[in-house]
Amino acid sequence: MIETLRQLAIHLPQRWKSGLVALSDLVVLPLALWTAIALRLGTFEPDVFEFFWLFAALPLASLPIFLHIGLYRAVVRYLTEQMISVILLGATLSTLALTALSTMLRTSGLPRSSVLIYWLLAAVYMVATRFAARALLREDRRPERERVVAAVYGADAAGRAVLAALRGGRRYRPAALFDSRPEFIGRTVAGLRVYPLSELETVVEALHIRTLLLAEPLDRTMRRALLERLSPLGAALAMLPDAADIAAGHVDIEQFRAIDIEDVLGRDPVAPIEELLHANIDGQAVLVTGAGGSIGAELCRQIAAMRPRRLILLEQSELALYQIEQALRQQLRERADAPELVPVLGSIRDRAGMAALMAGVDTVYHAAAYKHVPLLELNPLEAILNNSLGTLSCALAADQAGVKRFVLISTDKAVRPGNMLGRSKRLAERVVQHLSQRSATVFCAVRFGNVLGSSGSVLPLFRQQIAQGGPLTVTDPRVTRYFMTIAEASQLVLQAGAMAQGGEIFVLDMGEPVPIVELARKVIQLSGLSPRDEANPDGSVEIRFTGLRPGEKLHEELLIEHEAVPTRHPRIARERAPLAELDDAAAYFAELEEQCRQGRVDAACALVERMCR
């Protein structure tokens, strides 16, 4: 019966719950007044006939006051000390209302000291009813042993709010608090002792803590350090969900999300230079090629969040185009100034189609490319046709249409390329550098390494292999790669493009290269497992080395010349290299296209390699 009432109360709309709380106040305020008089007179049968009207007038006078001070805006399940102070304020104002009513109407027979007793009892009764309601709504039928034993990092107001939410939920059982601030260490907050991080391992083992929940944001360096300390203990690290999602009601504050690889490998963002970020977007028609890909889709999301006049999405995959269009329409659904979205199903290799599409476009972000190294080694003509000649087709159309700015998304594999992906993208860089010397369009390229979680990258492969029970395959224990989050890379691309004068190759600061084997170990640890290798033969997931793939290098580079020129942005540099000259460019590309059309793989590859020296 109690559980039925509990479930019914939980699923009531919030305004109904507030109404029930208000109704309880209409009952407890007259009860508090009667109890105060009875205690003052020392009898359970006080004579209240002369002022019986006060028992109706007092709650009716108090209720508007309670509404005004926000007493019914609180969520009962998460009752906090702040709300108790509001209740005390309400009891005080109700007592003043009682005093005013009895004075103005010259009530006789009401003991004056009972007014003070009423103040205390009104506060006690209102707090008691709310705590009783909280006990009903937050009663947990799950056995205590089924709840995850957790610690919370953060002992301030945010930490106390998280503790209140966890205690009312069914997932976690908080056992300790951690903090790095001396004023909190050693204190007891909400019934839990606050420990310093220096005692993390000892406390986690002693209290059998399985998860450390971050109640406040920490930088990635700190998160990495905590993860390294918790993983050997079999404990996880989790973060609060996005604040916007909590506010919108999409997730509950109790629903912490596990730390992902992006949270520890990515870097803390650098505030963008707003002038650069908006320069080529606001009020303009923007075209993104490869709009359904990892980088293209993120570019579209960031561009749509600004003020473009029109956003054109070019994508050759029908499914990918549908998905990014739907995502953007959802993102823009409540914006009165939403840009016009133009989804276009097509290919950058269609020269006539590209010429028509470029009409009226101000800025092009050219992200369309094939990027999978082994597949392009097996299909070199497709790499040339799409990555190189497709870029030429797109760039020529932009030049002829008078597009103001054309930004090519390049790759670190274009530096001293050892595979078809790198050679085809290096030729694409030379295309935009060549055209920049004779066009009114500002052409530039932005070069960077791997982005975390992009399609075809190692991270989704590792996650799939984890789901299948392993092993995780790494080509060589010495392999390193640069990594950056998709969001950071896209934001930097927008700013780099705005700095171009024509012909530049911008290089993004990717930080330090990451050993792939270390990435594999972190993915395993973040999944709550342990890596099995020579150092840890009893681990749960094997790391297996398979040998370098065709065209793969041990280490990637970002600069052809070993020097870069700083720019206005601390994470964007410009390669110090002369503009590439393409002698007899028209004849060269005509020959390259003919060799591809005839299917002459060796001849086409030789032409591309010649231009990449």
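User: How many aromatic pairs does the structure hold?

Analyst: This is a predicted model. The structure holds 3 aromatic pairs. To read such a pair, look at the ring centres and then at the ring planes. Take Phe178 and Tyr195 as one of them. Their ring centres lie 6.0 Å apart, and their planes meet at 45°, so this pair is tilted.

User: Which strands hold Phe178 and Tyr195?

Analyst: Phe178 sits in strand β2 (residues 172-178), and Tyr195 sits in strand β4 (residues 192-195). The two parts are 17 residues apart in sequence, so the pair ties them together. Both Phe178 and Tyr195 are buried.

User: What about the rings of Phe406 and Phe443?

Analyst: Read them in the same steps. The centres of Phe406 and Phe443 are 5.2 Å apart, with planes at 45°, so this pair is tilted. Phe406 belongs to strand β12 (residues 405-409), while Phe443 belongs to strand β13. These residues are 37 apart, and the pair links distant parts of the chain.

User: Are Phe406 and Phe443 buried or exposed?

Analyst: Check the relative accessible area. Buried means under 20%. Phe406 has 0%, so Phe406 is buried. Phe443 also comes to 0%, so Phe443 counts as buried.

User: Let us turn to charged side chains. How many salt bridges are there?

Analyst: The structure holds 25 salt bridges. To read one, find the closest nitrogen and oxygen. Then ask where each partner sits in the chain. Start with Arg329 and Glu325, whose side chains meet at 3.0 Å, N to O.

User: Where do Arg329 and Glu325 lie?

Analyst: Both lie in helix α13 (residues 318-331). They are 4 residues apart, about one turn of the helix. Now compare their accessibility. Arg329 is partly exposed, because its relative accessible area is 39%. Glu325 comes to 15%, so Glu325 counts as buried.

User: Which salt bridge links distant parts of the chain?

Analyst: Look at Glu429 and Arg447. Their closest N and O atoms are 2.8 Å apart. Glu429 is in helix α17 (residues 420-436), and Arg447 is in strand β13 (residues 442-447). The pair links distant parts of the chain, 18 residues apart. Glu429 is buried, at 0% relative accessibility. Arg447 is buried too, with a relative accessible area of 0%.

User: What is the story for Glu488 and Arg571?

Analyst: Glu488 and Arg571 form a salt bridge, with the closest N and O atoms 2.6 Å apart. Glu488 lies in helix α19 (residues 486-499). Arg571 lies in the loop between β22 (564-566) and β23 (572-575). The pair ties together parts that are 83 residues apart in sequence. Glu488 counts as buried at 11% relative accessibility, and Arg571 is buried at 14%.

User: Which residues do salt bridges with shared partners join into one network?

Analyst: A network appears when salt bridges share partners. Here they join Asp156, Asp179, Arg181 and Glu216.

User: Now the cysteines. How many disulfides are there?

Analyst: The count comes to 0 disulfides. To see the reasoning, look at the sulfur distances. The cut-off is 2.5 Å between cysteine sulfur atoms. For Cys605, the closest cysteine sulfur is in Cys596, 8.0 Å away, so the two are too far for a bond. Cys605 is buried, with a relative accessible area of 17%. Another cysteine, Cys444, counts as buried at 1%.

User: How do I read a sheet? In what order do the strands of the open sheet stand?

Analyst: Follow the strands from one edge to the other. This open sheet has 3 strands, in the order β15-β21-β20, and the pairing is parallel. The edge strands are β15 (472-474) and β20 (531-532), each pairing on one side only. β20 pairs with strand β21 (residues 541-545) in the parallel sense, over 2 bridges. Within β21, Val541 stands opposite Pro531.

User: Which helices lie across these strands?

Analyst: Look for helices against the sheet, then read the angles. Helix α18 (residues 458-467) lies across β15 and β21, and runs at about 145° to β15. Helix α20 (residues 516-526) lies across β15, β20 and β21. Its direction is at about 165° to β21.

Technical notes:
Residues are numbered from 1 along each chain as its sequence is written. This is a predicted model: local features need pLDDT of at least 70, side-chain atom pairs count only at pLDDT 80 or more; totals for chains, interfaces and linings use all residues. Side-chain values use heavy atoms; hydrogens and water are left out. A salt bridge is a side-chain nitrogen of Lys or Arg within 4 Å of a carboxyl oxygen of Asp or Glu. Buried means under 20% relative accessible area, exposed over 50%, partly exposed in between (1.4 Å probe, protein chains only). Two strands pair if DSSP finds at least two bridges between them. Contact means heavy atoms within 4.5 Å. Axes are lines fitted to C-alpha atoms, for helices over the stretch in contact, and angles run from 0 to 180 degrees between N-to-C directions. Rings of Phe, Tyr and Trp (its six-membered ring) pair if their centres lie within 6.5 Å; planes under 30 degrees apart count as stacked, over 60 as edge-to-face and the rest as tilted.
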